[in-house]
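Colleague: I'm new to reading protein models, and I'd like to go through one with you. Can we take it piece by piece?

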Amino acid sequence: MTALDFTTHTVPLDGKAKISAKNVNLWYGEKQALYNINLEIAEHQVTALIGPSGCGKSTFLRCLNRMNDTISICRIQGDIRIDGDDIYAPELDVVHLRARVGMVFQKPNPFPKSIFDNVAYGPRLHGLAESKDHMEHIVKSSLERAGLWKEVSDRLSAPGTGLSGGQQQRLCIARAIAVSPEVILMDEPCSALDPIATAKIEELIDELRENFTIAIVTHSMQQAARVSQRTAFFHLGVLVENGPTEGIFTSPVDKRTQDYVTGRFG
Ligand SMILES: Nc1ncnc2c1ncn2[C@@H]1O[C@H](COP(=O)(O)OP(=O)(O)OP(=O)(O)O)[C@@H](O)[C@H]1O
């Protein structure tokens, strides 16, 4: 077995970092899944996390809103900050963190509630609406921003689970937006969708970056190229290369990145 190559090539951000991860190591039990990750995520940009299956991209994404806390055998070391706030600080309120850093999963997972209540869930939990009218405004504007309002405005009390797969995923995006997060994490959000629904979500991602910082895990290099401004390539738990997306795909520096983006493995 060849030794792991821990080299990381980084093209620094040209704007502000919203998230900064330093020397992040992570273990599931005895097995190390992330090795000394140093990555900055640019504000109001889309950062794609790519790499072969099992390379640690979802694990890293889940570090950013402490979703890994729910896995008892998971242990993390290092420093992750959002706008300078240490998200692993002992006094930090994880519920508040997850309102700042929302998440959209691979499979659309609306709650078994009405469309309205799916979107109103977070604002209710966090006491964000001052009145019934205010709540209605939050729900409407979240559905509008998720590009779903026109399709559901006449059936807000129908179950969210009755929508098509693509609509359900946009409902989940509306649910994430409703609490005004600063960052949205997306873990392969289009993998269960057909090409038309995928195109709609990709378009939406591009619009959302105006107001949010987005990190997206994707298996599709075409998708990473279409939606992201920066790309981070992971391999065997190591962050191999990160920089502007075009550079990663057209002139990668590391042989491992070259092999992946040219389809030699993965
Ligand atoms: N809950 C868990 N318990 C134990 N090991 C885990 C757990 N989740 C992930 N792993 C392991 O950590 C490593 C990284 O997994 P991760 O899911 O982050 O990779 P990935 O790059 O997102 O893969 P994929 O593209 O297949 O989703 C893998 O070896 C995986 O088996």
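What follows is a chat about this predicted model, in questions and answers.

Colleague: Let's start with the annotation. Which residues does UniProt list for "domain: ABC transporter"?

Modeller: That comes from an unreviewed UniProt entry, so take it as the record's word. Over the stretch it names, the chain is 37% helix and 27% strand, and the end C-alpha atoms sit 25 Å apart. The record's range is residues 19-261.

Colleague: Now the sheets. In the open sheet of 7 strands, which strands stand at the edges?

Modeller: Read the order across the sheet: β1-β11-β10-β4-β9-β8-β7, with mixed pairing. A strand at the edge has a single partner strand, so one of its sides is left without a neighbour in the sheet. That picks out β1 (9-10) and β7.

Colleague: Staying with β7, which residue in β8 stands opposite G102?

Modeller: Here's a bit of background: strands of a sheet pair through backbone hydrogen bonds, either parallel or antiparallel. Strand β7 and strand β8 (residues 183-187) go the parallel way, over 4 bridges. Opposite G102 you find I184.

Colleague: And which residues of β7 point the other way from V101 and M103?

Modeller: In a regular strand the side chains alternate between the two faces of the sheet. Strand β7 covers residues 101-104, with V101 and M103 pointing one way, and all of its residues are buried. Pointing the other way are G102 and V104.

Colleague: What about the other side of β8: which residue in β9 stands opposite L185?

Modeller: Strand β9 takes in residues 213-217. Strands β8 and β9 run parallel, joined by 5 bridges. The residue opposite L185 is A215.

Colleague: There's a second open sheet, with 4 strands. Which of its strands are at the edges?

Modeller: The order is β3-β2-β5-β6, and the pairing is antiparallel. Look for strands with a single partner, because those have one side without a neighbour in the sheet. They are β3 (31-42) and β6 (85-86).

Colleague: Within that sheet, which residue in β5 is the bridge partner of Y28?

Modeller: Strand β2 and strand β5 (residues 74-82) run antiparallel, with 8 bridges joining them. Follow Y28 across to β5 and you land on C74.

Colleague: Is N23 buried or exposed?

Modeller: N23 lies in strand β2 (residues 17-28). Leaving aside neighbours within four places in sequence, N23 is in contact with N36, N38, G78 and D79. Count the C-beta neighbours inside 10 Å and you get 12, and 12 or fewer is the cut-off, so N23 is exposed.

Colleague: On to the helices. Why do α6 and α7 count as roughly parallel?

Modeller: The axes of helix α6 (residues 165-177) and helix α7 (residues 195-208) come within 9 Å of each other. Among the residues that meet there are Q169 and I173 in α6, and K200 and L204 in α7. Angles under 35 degrees count as roughly parallel, and these axes cross at roughly 20°, so the label for α6 and α7 is roughly parallel.

Colleague: Which strands does α6 lie across?

Modeller: Helix α6 runs at about 170° to β7. The strands it lies across are β7 and β8.

Colleague: At what angle do α3 and α6 pack?

Modeller: Helix α3 spans residues 115-125, and its axis is 7 Å from that of α6. Residues including I115 and Y121 in α3 meet L171, A174 and R175 in α6, and the crossing is right-handed. The angle is about 30°.

Colleague: What covers the buried residues of α3?

Modeller: The buried ones in α3 are I115, N118, V119, A120, G122 and P123. Their cover includes α2 (94-100), α4 (132-145), α5 (149-152) and α6.

Colleague: Last one: where does E188 lie, and what is its phi?

Modeller: Most residues other than glycine have a negative phi, and most peptide bonds are trans. E188 is not a glycine, yet its phi is positive. With 19 C-beta neighbours inside 10 Å, E188 counts as partly exposed. E188 lies in the loop between β8 and α7, and its phi is about 45°.

Definitions and conventions
Residues are numbered from 1 along each chain as its sequence is written. This is a predicted model: local features need pLDDT of at least 70, side-chain atom pairs count only at pLDDT 80 or more; totals for chains, interfaces and linings use all residues. Helices (H or I, at least four residues) and strands (E, at least two) are DSSP runs, numbered from the N terminus. A residue is buried if 20 or more other C-beta atoms lie within 10 Å of its own, exposed if 12 or fewer, and partly exposed in between; C-beta atoms are placed from the backbone. Two strands pair if DSSP finds at least two bridges between them. Axes are lines fitted to C-alpha atoms, for helices over the stretch in contact, and angles run from 0 to 180 degrees between N-to-C directions. Angles under 35 degrees count as roughly parallel, over 145 as roughly antiparallel, 65 to 115 as roughly perpendicular and the rest as oblique. Two residues are in contact if their C-beta atoms, placed from the backbone, lie within 7 Å. A crossing is left-handed if the near helix is turned anticlockwise from the far one by less than a right angle, and right-handed if clockwise.
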